[in-house]
Amino acid sequence: DLGITTSVVSDATACFDKISINGKKYTADVVHELSLSNMMNEYAIIYSTREVIEALAKPLVPNLKNLK
């Protein structure tokens, strides 16, 4: 662990159908879900586009004029 925080926007990524080493076919939806699940909480924080937009809309610094 190098202390780097990685974020992945789940609905801004895509996958393709895959054939496993045993010849079983997996749909892109399954591959996508499992890929995100493999990264989640181990290698990346998984967000939706909505969550990212909402976070970016919030001010980074509190409005000091409203503090008393």
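**Environment of His32 and neighbouring elements**

His32 is situated in helix α1, which comprises residues 28–39. In this predicted model, the relative accessible area of His32 is 18%; because this value falls under the 20% limit, the residue is classed as buried. A polar contact of 2.8 Å links the side chain of His32 to the side chain of Thr13. When neighbours within four places in sequence are set aside, the contacts of His32 are with Ser10, Thr13, Ala14 and Cys15. Thr13 thus appears both in this contact list and as the partner in the polar contact.

Ser10, one of the residues in contact with His32, is located in the loop that runs between β1 (7–9) and β2 (18–19). The relative accessibility of Ser10 is 17%, and Ser10 therefore counts as buried under the 20% criterion. With neighbours within four places in sequence again excluded, Ser10 is in contact with His32, Leu36, Ile46, Tyr47 and Ser48. The contact between Ser10 and His32 accordingly joins a residue of the β1–β2 loop to a residue of helix α1.

Helix α1 also contains Leu34. The relative accessible area of Leu34 is 48%, and Leu34 is partly exposed because this value lies between the 20% and 50% limits. Together with Tyr26 and Val30, Leu34 makes a nonpolar surface patch of about 240 Å². Within helix α1, then, His32 is buried, whereas Leu34 is partly exposed and contributes to the nonpolar patch.

Definitions and conventions:
Residues numbered from 1 in each chain as written. Predicted model: local features only at pLDDT ≥ 70, side-chain atom pairs only at ≥ 80, totals over all residues. Heavy atoms only, no water. Helix = DSSP H or I, 4+ residues; strand = E, 2+ residues; numbered from the N terminus. Buried < 20%, exposed > 50% of the residue type's maximum accessible area, 1.4 Å probe, protein only. Polar contact = N/O pair within 3.5 Å; in protein donor to acceptor, adjacent residues only side chain to side chain. Contact = heavy atoms within 4.5 Å. Patch = residues over 30% accessible without salt bridge, like charges linked within 9 Å, V, L, I, M, F, W, Y side chains within 5 Å. Areas by Shrake-Rupley, 256 points an atom, 1.4 Å probe, with all protein chains shown as cover. Salt bridge = Lys/Arg side-chain N within 4 Å of Asp/Glu carboxyl O.
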